[in-house]
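Student: Please give me a close look at a single part of this model: the surroundings of the ligand. Take the helix packing along with it.

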Amino acid sequence: MPAQILDGKQIAAEVREEVKQEVARLKEQGITPGLAVVLVGDDPASQVYVRNKHRACEEVGIYSVVHRLPAETTQAQLLDLIKQLNNDPQIHGILVQLPLPGHIDEKTVIDTITLEKDVDGFSPANVGNLVIGDKCFYPCTPHGCMVLMDKTGIDPKGKKAVVVGRSNIVGKPMAMMLLARHATVTICHSRTKNLAEECRQADILVAAVGKPEMITGDMIKEGAVVIDVGINRVGEKKLVGDVHFESAAQKASWITPVPGGVGPMTIAMLLKNTVEAARR
Ligand SMILES: Nc1nc2c(c(=O)[nH]1)N[C@@H](CN(C=O)c1ccc(C(=O)N[C@@H](CCC(=O)O)C(=O)O)cc1)CN2
């Protein structure tokens with residue numbers, strides 16, 4: 001039987017509605033959650049994501065400021081802006097849209113965002129807290145994957161989870177979150193021997209490699225839950241994930257589509273983290 005769809009659009013809408021209610025409660029206490037988004041340069045995809053983040057904030061009542069800086073902005077100028085935002089009482093969350101232009105060191109920039117306002121959850125201190133299970137912000141994309149499963153009644157406890165991809169933004173935090181929920185976790189990457197065999201062991205398979213349709217149906221265990229984090233543009237307009245949807249859907253019990261799966265959850269979880277930052 002073909003897989004059921006994990007509908008990210010619908011679940012993200014539910015999360016946004018919950019956030020809206022939480023924002024209203026905070027406003028009754030005199031607190032308006034505030035998010036600052038910083039965009040450097042003119043990457044077209046980043047411009048769209050930043051615009052969508054601003055709109056999503058407006059819809060739920062979060063105060064949002066977008067700082068659009070030219071591609072030639074120096075690292076020192078960007079760090080100055082972040083320090084200013086760190087001290088701005090109206091701003092509870094700071095996000096620097098990635099990727100940054102090549103002359104700016106992403107790590108230095110992320111390290112400059114104060115821990116309390118790191119709503120992306122990318123800073124080393126936040127990641128450290130995630131690893132040891134302390135209070136932290138869950139990075140938005142893997143958090144979105146977890147919420148997709150939770151709201152569908154998929155419990156990782158005792159399951160074998162395979163995460164393909166070891167990025168700091170998705171693969172590694174995803175593995176930590178699954179581990180915290182008592183899954184047995186394997187992280188695979190470009191040098192994993194016999195990737196297909198590893199993937200076939202997975203009750204939950206998370207693909208986050210950035211390679212169009214690399215995971216095919218023959219790599220999937222019958223009945224597995226397949227979460228596709230990839231967003232790859234092929235040709236002029238077509239978007240595909242890291243999973244070959246048609247063949248994978250013949251084997252999986254649940255699968256996320258691309259578009260409309262994990263992507264919409266990323267922004268919904270950012271709103272949630274911003275409200276959490278304000279609440280704290
Ligand atoms: N500072 C950050 N930078 C980046 C992040 C991030 O979480 N923080 N993630 C990505 C980009 N991103 C949000 O910033 C993002 C990507 C995709 C989507 C999304 O909704 N995708 C849609 C398809 C949209 C399209 O047509 O292109 C989907 O999958 O349905 C939302 C947010 C890198 N940078």
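**The ligand shell and its helices**

Tutor: The domain assignment divides the protein into domain 1 (30–115) and domain 2 (139–263), with bounds from an automatic or database assignment. Residue numbers start from 1 along each chain as its sequence is written. The model is predicted: local features need pLDDT of at least 70, side-chain atom pairs count only at pLDDT 80 or more, and totals for chains, interfaces and linings use all residues. Taken over C-alpha atoms, the centres of domain 1 and domain 2 are 28 Å apart. Each of these domains gives at least three residues to the shell around the ligand.

That shell holds 17 residues, and the closest are Tyr49, Leu98, Pro259, Gly263 and Thr266; a residue is near the ligand if its C-beta atom, placed from the backbone, lies within 6 Å of it. By class, 11 of the shell residues are nonpolar, five polar and one charged. Here Ala, Val, Leu, Ile, Met, Phe, Trp, Tyr, Cys and Pro count as nonpolar, Asp, Glu, Lys and Arg as charged, and the others, Gly among them, as polar. Strand E4 (93–96), helix H6 (140–150) and H10 each supply at least two shell residues, and H10 has the largest share, four. The elements are DSSP runs numbered from the N terminus: helices (H or I) of at least four residues, strands (E) of at least two.

Two of the closest residues, Leu98 and Pro259, take part in cis peptide bonds. The bond from Leu98 to Pro99 is cis, with omega near 5°, and Pro99 sits in the loop between E4 and helix H4 (106–112). Val258 and Pro259 are also joined by a cis bond, with omega about 0°; Pro259 lies in the loop between strand E11 (254–255) and H10. In general, most peptide bonds are trans.

H10 (residues 262–279) also packs against other helices. Its axis and that of H6 come within 8 Å and cross at roughly 105°; axes are lines fitted to C-alpha atoms, for helices over the stretch in contact, and angles run from 0 to 180 degrees between N-to-C directions. H6 and H10 are therefore roughly perpendicular, the class for 65 to 115 degrees; under 35 is roughly parallel, over 145 roughly antiparallel, and the rest oblique. On the H6 side the contact includes Cys140, His143 and Val147, and on the H10 side it includes Val262, Thr266 and Asn273; two residues are in contact if their C-beta atoms, placed from the backbone, lie within 7 Å. This contact has nine nonpolar, five polar and no charged residues.

H10 meets helix H2 (residues 44–60) too: their axes come within 10 Å and cross at roughly 50°. That angle makes H2 oblique to H10. The crossing is right-handed, meaning that the near helix is turned clockwise from the far one by less than a right angle, whereas anticlockwise would be left-handed. Asn52, Lys53, Ala56, Cys57 and Val60 of H2 meet Ile267, Leu270 and Leu271 of H10, giving six nonpolar residues, one polar and one charged.

H2 in turn packs on helix H1 (residues 8–28) at about 55°, with the axes 8 Å apart. H1 and H2 are therefore oblique to each other. Arg16, Val19, Lys20 and Val23 of H1 make this contact with Ala56, Glu59 and Val60 of H2; four of the residues are nonpolar, none is polar and three are charged.
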